Amino acid sequence: MTTSVVVPLRWENGALLMLDQRILPGTETWLTLRTWQEVAEGIRSMAVRGAPAIGVAAAYGMALATASGEDWDTARAGLAASRPTAVNLFWALERMDRLTDRSPASVLAEATDIETEDLAMNLKIGEFGASLVPENATILTICNTGSLATAGHGTALGIIRTAHAQGKVKHVFSCETRPRQQGLRLTAYELMKDQIPFQSIADSAAASLMRAGKIDFVVAGADRITANGDTANKIGTLMLAVLAHHYGIPFVIAAPSSTLDPTLPTGDLIPIEEREAEELTEIEGVRVAPAGCPVWNPAFDVTPGDLIAAIVTEKGIARAPYAFE
Ligand code: MRU
């Protein structure tokens, strides 16, 4: 099984190199981050994004903090405040907290392990998930859940990659993913690099494709999955799940177990990030809305578990009713 060569993060010479996803695909620029504050800002501003990649970045942020002798709790709190919804961020920080040896070498080794393990989990998710993909399938996906959003291969996009390598994928439709266009900019970039046949669509075109019988399988990633299978993911995911239910199309979620949050019984308790109005009112820095236009801009929505045909993790395929522990 080949994996995509694109990676979002690299540790080199005591610094964290972060591929600046805000300006992809036009420009491939690597930011050199030497402090936890820079890492926190990289996460907040979405130079790195995607739940697993955020967790890996935060872990390296703690490695930078430790290497420069900074206060553990201050760095941890600063990194934890960078984005609220993806539980992988807190999962990684909690894993760091459990280290009995907080020497720079030990903290860096733990961050490296988190990264390495994430890639291994994604490859397993790809195998399990591909078994659900029908032959000659046309697949719909949203946002970017690929190598850029993880330590490599991806979750939902990892399933597409594995299924494509198995010869099962006829075509992919990739939702643009307004307002930040992770689908149009990043998923398209990865699909083109891997030569997987696809078309980008406006988010609002998904219903027409399903009505026309052109979608066999819908797969999305996750930022947090509660005990009952309710799943927070990129805004617009719920819309796809409702549509898929209406048209009788399997709707599948893919995520590593680091995205599970069994401490929350239902998705109503998931903190949903709301981002700045400019993400919506401006395109590439040019205002398209009237000055002062009021905006509601949630970054995620919650899909109820009963709309999800299967949740694929590295441990296997779970089906409703979900009861994660
Ligand atoms: O706001 P983003 O780009 O960080 O949102 C990303 C998503 O919603 C992804 O679907 C999710 O994090 C899973 S990435 C494997």
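**Cavities, pockets and salt bridges of the predicted model**

Helices α2, α4 (87-97) and α5 (104-130) each supply at least two residues of the lining of the second largest cavity, helices being DSSP runs of H or I with at least four residues and strands being runs of E with at least two, both numbered from the N terminus. The structure is a predicted model, in which local features need pLDDT of at least 70 and side-chain atom pairs count only at pLDDT 80 or more, whereas totals for chains, interfaces and linings use all residues. Residues are numbered from 1 along each chain as its sequence is written, and side-chain values use heavy atoms, with hydrogens and water left out.

Cavities and pockets were sought on a 1 Å grid over the protein atoms alone, a cavity being a set of points where a 1.4 Å probe fits but cannot get out, and a pocket an open set with protein on both sides within 12 Å along at least five of seven lines; lining residues have an atom within 4 Å of a point. Grid points are joined across faces, edges and corners, and each volume is the space filled by probe spheres set on the points. The second largest cavity holds about 60 Å³ of space, and its lining consists of P52, G55, V56, N88, W91, I114, D118, M121 and S258. By class, these residues divide into 5 nonpolar, 3 polar and 1 charged, where Ala, Val, Leu, Ile, Met, Phe, Trp, Tyr, Cys and Pro count as nonpolar, Asp, Glu, Lys and Arg as charged, and the others, Gly among them, as polar.

Over the whole structure, the search finds 4 cavities of 30 Å³ or more, and the largest of them contains about 180 Å³ of space. The largest cavity is lined by 24 residues, of which R49, G50, A51, N144 and D223 are the closest to its centre. Both α2 (51-67) and β9 (231-234) supply at least two residues of this lining, the largest share, 3 residues, coming from α2. The lining of the largest cavity comprises 11 nonpolar, 9 polar and 4 charged residues, and at least three residues are drawn from each of domain 1 (9-122) and domain 2 (126-318), with domain bounds taken from an automatic or database domain assignment.

Among the open sites, the largest pocket encloses about 380 Å³ of space and is lined by 14 residues, with R22, R180, I283, E284 and G285 lying nearest its centre. At least two residues of this lining come from each of α10 (278-281) and β12 (282-283), and its composition is 4 nonpolar, 2 polar and 8 charged residues. Because domain 1 and domain 2 both give residues to its lining, the largest pocket lies between them. The second largest pocket accounts for about 260 Å³; of its 18 lining residues, S257, S258, L260, P262 and E325 lie nearest its centre. In this second pocket α4 gives the most to the lining, with 4 residues, and the classes are represented by 9 nonpolar, 5 polar and 4 charged residues.

Side chains of opposite charge can pair when their charged atoms come close. With a salt bridge defined as a side-chain nitrogen of Lys or Arg within 4 Å of a carboxyl oxygen of Asp or Glu, the count comes to 15 salt bridges. One of these joins K193 to E28, with the closest N and O atoms 4.0 Å apart; K193 belongs to helix α7 (residues 182-193) and E28 to the loop between β2 (15-19) and β3 (30-33), so the pair ties together parts that are 165 residues apart in sequence. K193, at 44% relative accessibility, is partly exposed, as is E28 at 48%, the classes being buried under 20% relative accessible area, exposed over 50% and partly exposed in between (1.4 Å probe, protein chains only). A salt bridge also links R44 and E41, whose closest N and O atoms are 3.1 Å apart; the two residues are separated by about one helical turn, because they stand 3 residues apart in helix α1 (residues 36-44). Salt bridges that share partners further join R83, R180, E273, R275, E276 and E279 into one network.

Two buried positions were also examined. S174, in strand β5 (residues 169-175), is buried at 0% relative accessibility and, leaving aside its neighbours within four places in sequence, is in contact (heavy atoms within 4.5 Å) with T141, G183, T187, L191, Q199, S200 and I201. A241, in helix α9 (residues 237-247), is likewise buried, with a relative accessible area of 0%, and touches F251, T303 and L307 when residues up to four places away in sequence are not counted. The C-alpha atoms of A241 and A309 are separated by 9.6 Å, although these residues are 68 residues apart along the chain.
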